[in-house]
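Trainee: Before we go through the terms used for this chain, could you show me the sequence and the model side by side?

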Amino acid sequence: MKKSEFISATAKKAELTQKEMERALDAMCEVITEECIEKGGEVSFSIGKFKRKVNPARTGINPLTQKPLDVPESHTIAFKPSKTIKKVIEAAPAKKGKKK
């Protein structure tokens, strides 16, 4: 689902205009970013929580030359779904991928 499709569907359910829903979504993304990255906290919703994750520095291997190389520490935002969402996902039948 693309952002525009998501905005359209959620605006319809919430009985908001698409402009209002887009502003709300953009504001939500800003708050999550500020809280997780700048303040180092986590943001919890009924669907799960967003949390800052630090991937420590490590030694990797270049797949072409097989020589070791240093991979620097990196930071990202991780999402952990709630138990409710996990139950819904596990109960739903898996969709088959497209055949080539």
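Mentor: Rings of Phe, Tyr and Trp (its six-membered ring) pair if their centres lie within 6.5 Å, with planes under 30 degrees apart counted as stacked, over 60 as edge-to-face and the rest as tilted. This is a predicted model, in which local features need pLDDT of at least 70 and side-chain atom pairs count only at pLDDT 80 or more, while totals for chains, interfaces and linings use all residues. Residues are numbered from 1 along each chain as its sequence is written, and side-chain values use heavy atoms, with hydrogens and water left out.

Trainee: How many aromatic pairs are found in the whole structure?

Mentor: The search finds 2. In one of them, Phe-45 and Phe-50 lie 6.1 Å centre to centre with 90° between the planes, and the pair is edge-to-face because that angle is over 60 degrees.

Trainee: Why is the pair of Phe-50 and Phe-79 called tilted?

Mentor: Their ring centres are 4.9 Å apart, within the 6.5 Å limit, and their planes stand at 50°, which is neither under 30 nor over 60 degrees, so the pair is tilted.

Trainee: What makes this pair a tie between parts apart in sequence?

Mentor: Phe-50 lies in strand 2 (residues 48-55) and Phe-79 in strand 5 (residues 74-81), so the pair ties together parts 29 residues apart in sequence; strands here are DSSP runs of E, at least two residues, numbered from the N terminus.

Trainee: Why does Phe-79 count as partly exposed?

Mentor: Its relative accessibility is 38%, and partly exposed lies between buried, under 20%, and exposed, over 50% (1.4 Å probe, protein chains only). Phe-45, at 35%, is also partly exposed. Phe-45, Phe-50 and Phe-79 form one aromatic cluster.

How values were computed. Helices (H or I, at least four residues) and strands (E, at least two) are DSSP runs, numbered from the N terminus.
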